[in-house]
Structure formats: structure tokens, C-alpha cells
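Thank you for sending this model over for comment. My remarks follow as numbered points, to be read with the structure open alongside.

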Amino acid sequence: MFDANGSMMADSGSLFTLIGPDDWKKFQDITLRKSSVRPVAHGGKPIEVLGKFSVALNFKGNVADETIYVAKDGSCLLGGVDQRNLGTVSDPSTDGQYGEELVMEADAEKDKHCCGEIGDCNTQLTEGAQAQPDGESSQASVSNGGDTEGDKELVEFKIIWNKNKYDVKLPMDSTGASLKQKIHSLTGLPPAMQKVMFKGLVSEEKTLRELKVTNGAKVMVVGSTINDVLAVNTPKETIQEEVKAEESKKEPVCRQKQHRKVLDKGKPDDVMPAIKGAPERLPTVPLSGMYNKSGGKVRLTFKLEQDQLWIGTKERTEKIPMGSIKNVITEVIEGHEDYYMMAFQLGPTEASYYWVYWVPTQYVDAIKDTVLGKWQYF
């Protein structure tokens, strides 16, 4: 263990953990990665960030993999997110500072370092700061103990993943990307492998306020670890490639006899209006006014909390787990380019396709993303 001079000040209102260049020099064999984080003090003074690196933080046996940012001005703060991940928030022995019991293990050489004895950090952030993370439009606070979550408008909601529920409290101005980082800290699921749904897929750029997340809301997360995905015998993308190869050998789907007998009935009187060239998120109400392959009326309801697609007809409603749907096939209806025909592959063969006709074009991409999820391509 390497004992460095100085200390790390606890700041529960900060989303980042910072160290100064003097502490950084102790990590001689670790290369900084480029960072676009741009902290700005409340007084308007920018704080230059030299770069970032990954470490394993260890406090009294609690270990968390985190990212450390190196600030040119010598700031030395342990962020609130890292505190919660380490379980230090409820530890009265810390008293807002962390000394020899806080250990940082760098990724490259796995040599252990710690932020020395308890004392002042000599940080220049006297009034707190705000930082803009990569690709985010909202600001996340970084302070020297002056700002806390209590100073912000917070929203409390539940995250549901793999039949587990997590109570979460975040600032309303947190972005979808910040939410994914929070989910990562709770579940261990990498952000790239997450499909986060709240009234449709959650955008990484939008804030919780813009997404209209309210107290008591439920946010659904679907995703598997890399090991789980690799263990699948037949990846979905392989099935999709095989389906596309078969489709290329056939005439256009909408001209096939089995589909013509449905399409020749014409557009349903109660079909939902279509808006061409303006993709939209899924509506909050079921998609209705469509036909199935027998010519009967059908509606689609997306139950994101249960990760299910409900296909309802006059006779019954089938509740289908989205994870069991192998593929989604779409084709524009000739002569009605603002509507599509769509098939959900419920089994391994073409006979398992469930066809739906007259799907408004603005919802096609949202349906495919919700059922299959962008996260599956890697």
C-alpha cells in the first residue's frame, strides 16, 4: 500500500470523485484517458480536468469500481455516488473525511494507494461546482461539502430488473445517461447492455424532468450480462440474418396471396392516423384499429413493467414475454406508404409469425426498439 499526503473530502452532493495533480503523480504507471467533463464553479470559474482513470475503491472491505477525474486545481473530493457504492454514507466514523482506510487500486498494475491522513484537502472549490458529463445537456453538481441532494429537486422511483426492485432517488435534472450509470452501480449491468424503458425507450440525452418521471414511478430495465448473452446457443442476430436471406429470395411480402386477402379489405375505418417522416415514441394508450392475418381487429399493448407484449383480439388477449420474441419483420404497404405490415416471430420457424396490418409508420421504429432493444447489437 502506498501512503500519499493529503486527504479526501466527502461530498454527498457530488456526482464525481476528483483528485489533484499532486495525488495523481503517485500513479506513475497509469495513463489518463481523455475526458469531456467540464466542471464550472458556481461563481463561473471553470475547473480544468486533465483526464480520468479507473480504480477499485476499497473502504473497510467494501469495494466499488469507479472513475476518478484529475482536476488541475488540486481538488480532492469523494463523490456522493462513490460514497453510496462504498457504503460510507451511513458510517459515522468518517465524519466527512476519509484517510488511511480508503484505498484506491489502479487498473493497470493493481498497486494499492490511499489518500493519507485525515486533514484539509486544500481544494479551491469553496462554493461547489457544476460539471457537464460527456453527451449530457444537464449539469451535475460537484461541491466542497456545501451542496447536497437536499438542495435539488429530487424524484423517488423504483427500478425493476430481473425481478428485483431498487428504490432510487435522483435529481430531476439527471439525464438518461446518468440513470444508466446509477443502474450500473445497483445491478452491475453495463450501460451498453441496458434497455431502459419508461413510456418507451429512455433517451440518454433527456432529463428525468423531460421524461416526466414522477414520484412512485416504475422504470423497467431489460438486459443481460455478456456471459449470459454468449451462453445463448442461437443469437437473435443470427436468426435475423437467416430470415433476411430467405426474404430476399421471395416476392414482396405485401403481394403474397395470404396478405393480399387482408390488405384488399382496405384500410380500417378506425385505424390510428399515420404521420410519415416523423418517428414517435410509443403512445401511452394501446395501438388499435389494425387487422391480424384472419382479418379480425387486433390491438397491441406494451406492458413495459412486466416486459410483455399483449396482443388483444375480440376473443382473447395473449401475453407474450418480449424476451421470447425472436425477430420483428416490417414492410411498407404498397400504395399506402404511411402504413406498415408487421410480424412478430414467436418461434423458430416462419409458421410462428404473428402478422399485424396497418401499423402507423411513426410507431414502427419504436415498436422494434422496444421489443428487440438496441442493446442486443454488440
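1. In which sense do strand E13 and strand E14 pair, and over how many bridges? In this model, which is a predicted one, strand E13 (residues 154–161) and strand E14 (residues 164–171) are paired in the antiparallel sense, and eight bridges hold the pairing. Within it, Lys158 has Asp167 of E14 as its bridge partner. The hairpin of E13 and E14 has two residues between the strands, and Asn162 there takes a positive phi near 55°.

2. These two strands belong to an open sheet of four strands, in the order E14-E13-E16-E15, whose pairing is mixed. E14 and strand E15 (195–197) are at the edges with a single partner strand each, so that one side of each is left without a neighbour in the sheet. From one strand to the next, the twist averages 30°. E15 and E16 run antiparallel and are joined by three bridges, and Met197 has Met220 in E16 as its bridge partner.

3. Helix H3 packs on this sheet, where H3 touches E13, E14, E15 and E16, and the direction of H3 makes about 140° with that of E14. Does the length of H3 agree or disagree with what its residue count predicts? At 1.5 Å a residue, the twelve residues of H3 (residues 176–187) should span 16 Å, and the end C-alpha atoms are 16 Å apart, which agrees. Buried residues of H3 include Gly176, Ala177, Leu179 and Ile183, and also Lys180 and Lys182; the two lysines deserve a look on the display. After H3 comes Gly188, with a positive phi near 80°.

4. The other sheet to inspect is an open one of seven strands, in the order E20-E19-E18-E17-E23-E22-E21, with antiparallel pairing. Strand E20 (317–321) and strand E21 (327–333) stand at its edges, and because each has a single partner strand, one side of each is left without a neighbour in the sheet. The twist here averages 30° from one strand to the next. At the E21 edge, E21 and E22 pair in the antiparallel sense over seven bridges, and Val332 has Tyr340 in E22 as its bridge partner.

5. Towards the other edge, E18 and E19 are antiparallel and pair over five bridges, with Arg299 standing opposite Gly312 in E19. The hairpin that E18 and E19 form has four residues between the strands, and Asp307 in the turn has a positive phi of about 55°. E19 also runs antiparallel to E20, to which five bridges join it, and Ile311 has Glu318 in E20 as its bridge partner. A hairpin through four residues joins E19 to E20.

6. Is E19 largely enclosed or left open? Four of the five residues of E19 are buried, so the strand is largely enclosed by the rest of the structure. Gln308 lies in this strand, and the side chains of Gln308 and Trp310 are joined by a polar contact of 2.9 Å. Apart from neighbours within four places in sequence, Gln308 is in contact with Thr301, Phe302, Lys303, Lys319, Ile320, Pro321 and Met322.

7. Nonpolar side chains tend to be buried together in soluble globular proteins. In this model the largest nonpolar core has 29 residues, and those with the most contacts inside it are Leu287, Leu300, Phe302, Phe344, Val356, Ile367 and Val371. Among the elements that give two or more residues to this core are strand E17 (287–292), strand E18 (297–303), strand E23 (353–360) and helix H7 (364–372). H7 provides the largest share of the core, five residues. A second, separate core has 21 residues, including Met172, Leu179, Leu208 and Val219.

8. How does H7 sit with respect to the strands? H7 lies across E17, E18, E21, E22 and E23, and runs at about 170° to E21. Val371 is a useful residue to select on the display: leaving out residues up to four places away in sequence, Val371 touches Lys195, Phe302, Met322, Ile325, Val328 and Phe344. Of these partners, Phe302 and Phe344 are also among the residues with the most contacts inside the largest core.

Terms used
Residues are numbered from 1 along each chain as its sequence is written. This is a predicted model: local features need pLDDT of at least 70, side-chain atom pairs count only at pLDDT 80 or more; totals for chains, interfaces and linings use all residues. Side-chain values use heavy atoms; hydrogens and water are left out. Two strands pair if DSSP finds at least two bridges between them. A nonpolar core is a set of buried Ala, Val, Leu, Ile, Met, Phe, Trp, Tyr and Cys residues joined through side-chain atoms within 4.5 Å. Buried means under 20% relative accessible area, exposed over 50%, partly exposed in between (1.4 Å probe, protein chains only). Contact means heavy atoms within 4.5 Å. Axes are lines fitted to C-alpha atoms, for helices over the stretch in contact, and angles run from 0 to 180 degrees between N-to-C directions. The expected span of a helix is 1.5 Å times one less than its number of residues. A polar contact is a pair of N or O atoms within 3.5 Å; within protein, one must be able to donate a hydrogen and the other to accept it, and residues adjacent in sequence count only if both atoms are side-chain atoms.
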